[in-house]
Amino acid sequence: MRVIGLMSGTSYDAVEAAAADLELRGEALVMRPLGHLSAPYPDELRDLIAGSLPPAAATLRDVARLDTGVGQAFAEVAVRAVRELCGGAADLVVSHGQTMYHWVEDGTVRGTLQLGRPAWIAEATGLPVVSDLRSGDVAAGGQGAPLVAMTDALALAALPGVPAALNLGGIANVTVVAPGAEPLAFDTGPANALLDAAVRHFTDGAAQYDEGGRRAGAGRVDPALLRVLLDDPYYARGAPKSTGKERFHLPYLLQALAAAPVAEPDDVLATLARLTAVTVADACRAHGVTRLVVSGGGAHNPVLMGMLAEELPGVDLGSSDALGLPSDAKEALAFALLGFLTVNGLPGAIPSGTGARRAALLGSITPGREPLRLPEPAGQPPRMLHITGGY
Ligand SMILES: Nc1ncnc2c1ncn2[C@@H]1O[C@H](COP(=O)(O)OP(=O)(O)OP(=O)(O)O)[C@@H](O)[C@H]1O
Ligand SMILES: CC(=O)N[C@H]1[C@@H]2OC[C@@H](O2)[C@@H](O)[C@@H]1O[C@H](C)C(=O)O
């Protein structure tokens with residue numbers, strides 16, 4: 001089955017599309033990645049997203065404009081993906097949409113909102129669309145995140161030691177695959193969320209992120225600010241847990257700075273990078289991780305990666321590219337895989353990761369132009385991911 005995955009994460013920097021041929025073959029899910037592409041949101045839509053995300057308030061008109069705008073933006077990228085990645089034909093589109101609010105109260109996820117109406121994608125491509133992939137797990141009592149855990153668990157299943165996958169997006173999340181144990185997956189805390197908020201704040205919006213970690217590299221970690229940030233009770237909470245920019249946003253950072261003032265912006269960035277490295281390392285140490293497979297935009301930040309290496313001596317640090325999962329395409333491929341599982345009647349959520357009562361089939365299906373035809377439900381879930389080819 002030729003599947004396109006569409007994703008935009010909490011950094012809302014671009015709409016990512018990745019395509020792959022997916023097939024169940026005995027105990028293996030065989031993935032042949034076909035390519036990936038990325039397209040920035042139109043400026044006006046990106047401004048509306050930025051202006052509607054927490055801690056901002058949004059009207060229902062804003063929500064309708066976002067649901068339509070994100071849906072149309074995803075539809076445009078999906079049409080490009082069919083043409084440029086799939087040779088003009090695909091079978092399914094799986095759309096994560098744009099997370100606008102992840103509703104967590106006292107560690108329980110009460111709801112989660114991803115906008116981007118799938119009908120626009122189905123209309124533009126003529127293909128069936130799986131969307132709203134988090135709600136099924138939340139309704140089953142889970143966190144609804146991180147959902148990349150299924151791809152991680154299948155991809156790392158055959159690796160020795162205690163391998164883990166790390167996504168350094170706006171939020172950092174890990175999936176730990178210890179031998180003989182059910183996979184663990186949770187958000188460790190902010191990765192680029194606070195770094196980006198700080199750069200936008202200190203540059204009055206002239207810069208969106210710390211390119212190459214240059215600013216953090218020029219700064220010095222402030223121990224008092226780091227202590228204030230590390231005192232957040234989120235880090236002591238056990239897994240399963242998830243978070244987002246509902247918690248880690250600019251007012252949160254400014255409140256920490258009020259308690260521990262730091263004069264130099266580069267010192268704030270150095271401290272935030274160290275916060276990410278320490279909180280990720282603490283999570284890895286707690287679960288005896290011996291190898292860390294890194295993906296996400298933070299993998300392009302050598303200062304952050306260097307701090308992570310300092311915090312995790314003896315742990316093998318590498319890119320997901322080494323497993324055949326291109327770092328920048330991994331989340332989109334992961335959602336393609338989840339939608340593929342759904343149409344084959346297989347669960348995409350991992351209860352040991354999200355805390356759900358059961359392993360839910362994920363997503364809602366929007367028909368394409370043809371009558372909906374689903375494969376016969378698969379007899380057994382896959383136990384490993386076998387990635388072939390490459391591009
Ligand atoms: N060259 C670079 N140097 C430094 N940081 C970078 C670079 N490229 C990307 N980033 C960081 O990565 C971020 C985007 O990462 P990514 O696309 O993985 O986030 P996301 O998927 O939106 O987030 P999440 O996984 O939390 O949903 C940027 O906002 C920026 O902070
Ligand atoms: C609600 C939501 O969108 N959460 C994101 C966020 O960004 C990273 C981390 O927190 C992860 O838990 C999740 O996304 C990734 C793709 C996931 O579900 O695996």
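Biologist: How far does a polar side-chain atom of Thr 10 lie from an oxygen atom of ligand 1?

Modeller: In this predicted model, Thr 10 is listed among the closest of the 22 residues that surround ligand 1. The pair in question joins an oxygen atom of ligand 1 to a polar side-chain atom of Thr 10, and their separation is 2.7 Å.

Biologist: What percentage of the accessible area of ligand 1 does the protein cover?

Modeller: Besides Thr 10, the side chain of Asn 167 places an N or O atom 2.9 Å from an oxygen atom of ligand 1, and a polar backbone atom of Ile 171 is 2.9 Å from an oxygen atom of ligand 1. On its own, ligand 1 has 650 Å² of accessible area, and the part of this that the protein covers is 86%.

Biologist: Which element gives the largest share of the shell around ligand 2?

Modeller: At least two residues of that shell come from each of S4, strand S8 (171-176) and helix H12 (330-343). The largest share amounts to 3 residues, and the element that supplies them is S4.

Biologist: Is Trp 103 buried, partly exposed or exposed, and why?

Modeller: Trp 103 has its place in strand S4, which spans residues 92-105, and together with Tyr 101 and Leu 113 Trp 103 makes a nonpolar surface patch of about 280 Å². Buried means under 20% relative accessible area and exposed means over 50%, with partly exposed in between. Because the relative accessibility of Trp 103 is 37%, this residue counts as partly exposed.

Definitions and conventions: Residues are numbered from 1 along each chain as its sequence is written. Chains are lettered from A and ligands numbered from 1 in the order in which they are written. This is a predicted model: local features need pLDDT of at least 70, side-chain atom pairs count only at pLDDT 80 or more; totals for chains, interfaces and linings use all residues. Side-chain values use heavy atoms; hydrogens and water are left out. Patches are made of residues with over 30% relative accessible area and no salt bridge: like charges are joined within 9 Å, nonpolar side chains (Val, Leu, Ile, Met, Phe, Trp, Tyr) within 5 Å. Accessible areas come from the Shrake-Rupley method with a 1.4 Å probe; for residues, only the protein chains shown count as cover. A salt bridge is a side-chain nitrogen of Lys or Arg within 4 Å of a carboxyl oxygen of Asp or Glu. Helices (H or I, at least four residues) and strands (E, at least two) are DSSP runs, numbered from the N terminus. Buried means under 20% relative accessible area, exposed over 50%, partly exposed in between (1.4 Å probe, protein chains only). A residue is near a molecule or strand if one of its heavy atoms lies within 4 Å of it. A polar contact is a pair of N or O atoms within 3.5 Å; within protein, one must be able to donate a hydrogen and the other to accept it, and residues adjacent in sequence count only if both atoms are side-chain atoms.
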